[in-house]
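Open the model in your viewer and get ready to select residues. We will go stop by stop.

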Amino acid sequence: MLTSKLTRIAGLGMFTVLVAGCGSLYGPDAPGYNGLIVAGDDASATLGRKMIGSEEGTKGNAWFGAAQETLTANIARKRIDRKARNVILFIGDGMDPTTVTAARIYDGQSKGLHGEENLLAFEKLPYVAMSKTYSTNTQVPDSAATASAMTTGVKTKSGTLGVNDYVVVGNCASALKSQVTVLGEWAERAGLATGVISTARVTHATPAAFYAHTAQRGWESDSDLSEEAKSAGCKDIATQMMD
């Protein structure tokens, strides 16, 4: 197996081992192996080159050349250490890695490419990272819990906004005790101007995550509030936005 072979290889010297997704897990000799070994001594370096492929096989190869160009550009990139004047957070609802992959391929094929080698506009930005968002009570989360994870740094239950995991879904009293600071509040307290733009209702879960605290994402207007919520003093999402 790949792991056992890498364990034996690592005994030869100082290594950084980078393992990417591949078509096979049967080791360096398999056609789908995409491991890259950057070695710290001559013997290891020789083995590393053997695993990557012969130099004759990489010279002039378009994919290898493109990778080298990308690496060179990234190394030469100047670090941005100035304070940002503005921050714009775009959220594509449901925009998970598989959705992005499908969009990348479709866009590339519409340009006459294979598709996979294509890059979407945001993938060309100087710095790109991934963020893991999920809810604490459902395997498949909703946009309320995931947007709250983005705007608070706290994971919570599906169907709730701007509260922590102690909240009871649909229970106003628990929400009042479980509120956490959301991004819009952080910005306002820092003296920044804020705004929310949405192709959905501005009281919908994703945009509401920037300013609202609620035990039920469906409480968008006062007519949506439960009797318990009204008596306990919870405000609907639209009122919170205006306030």
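Which residue follows H6, and what is the sign of its phi? Select Gly153: this residue comes after H6, and its phi is positive, near 80 degrees. Keep in mind that you are looking at a predicted model.

**The whole chain**

Zoom out. Color by secondary structure and you should find 11 helices and 2 strands. Start at the N terminus and follow the order of the elements: α-β-β-α-α-α-α-α-α-α-α-α-α. The protein has 243 residues, and 30% of them are buried. Now turn on the surface. About 16,400 Å² is exposed, and carbon and sulfur atoms supply 57% of that area. What about contacts along the chain? Take those between residues at least 6 apart in sequence: 42% of them join residues at least 24 apart.

**Helix H6**

Select residues 143–152, which make up helix H6. Is H6 enclosed or open? Of its 10 residues, 9 are buried, so H6 is largely enclosed by the rest of the structure. Click through some of the buried ones, including Ser143, Ala147 and Thr152. What do the buried residues of H6 pack against? Show helix H8 (183–189) and helix H9 (205–208): these are the packing partners.

**The loop before H6**

Step back to the loop between helix H5 (97–110) and helix H6, and select Leu125 there. Leu125 belongs to a nonpolar patch on the surface, together with Met95, Phe122 and Val128. Select these four residues: their accessible area is about 360 Å² together.

Next, pick Ala121, which is in the loop between H5 and H6 too. Is Ala121 buried or exposed? Its relative accessible area is 65%, above the 50% cut-off, so Ala121 counts as exposed. Add Arg104 to the selection. The two residues are 17 apart along the chain, and their C-alpha atoms are separated by 9.6 Å.

**The disulfide**

How many disulfides does a search of the whole structure find? The search finds 1. Select Cys172 and Cys234 and show their side chains: the sulfur atoms are 1.9 Å apart. This pair links distant parts of the chain, 62 residues apart. Cys172 is in helix H7 (residues 172–177), while Cys234 is in the loop between helix H10 (227–232) and helix H11 (237–242). A disulfide is a covalent bond between the sulfur atoms of two cysteines. Look along the S-S bond of Cys172 and Cys234: the torsion is about 100 degrees, so this disulfide is right-handed. Hide the surface if needed, as both Cys172 and Cys234 are buried.

Note on methods
Residues are numbered from 1 along each chain as its sequence is written. This is a predicted model: local features need pLDDT of at least 70, side-chain atom pairs count only at pLDDT 80 or more; totals for chains, interfaces and linings use all residues. Side-chain values use heavy atoms; hydrogens and water are left out. A disulfide is a pair of cysteine sulfur atoms within 2.5 Å. Helices (H or I, at least four residues) and strands (E, at least two) are DSSP runs, numbered from the N terminus. Buried means under 20% relative accessible area, exposed over 50%, partly exposed in between (1.4 Å probe, protein chains only). Contact means heavy atoms within 4.5 Å. Accessible areas come from the Shrake-Rupley method with a 1.4 Å probe; for residues, only the protein chains shown count as cover. Patches are made of residues with over 30% relative accessible area and no salt bridge: like charges are joined within 9 Å, nonpolar side chains (Val, Leu, Ile, Met, Phe, Trp, Tyr) within 5 Å. A salt bridge is a side-chain nitrogen of Lys or Arg within 4 Å of a carboxyl oxygen of Asp or Glu.
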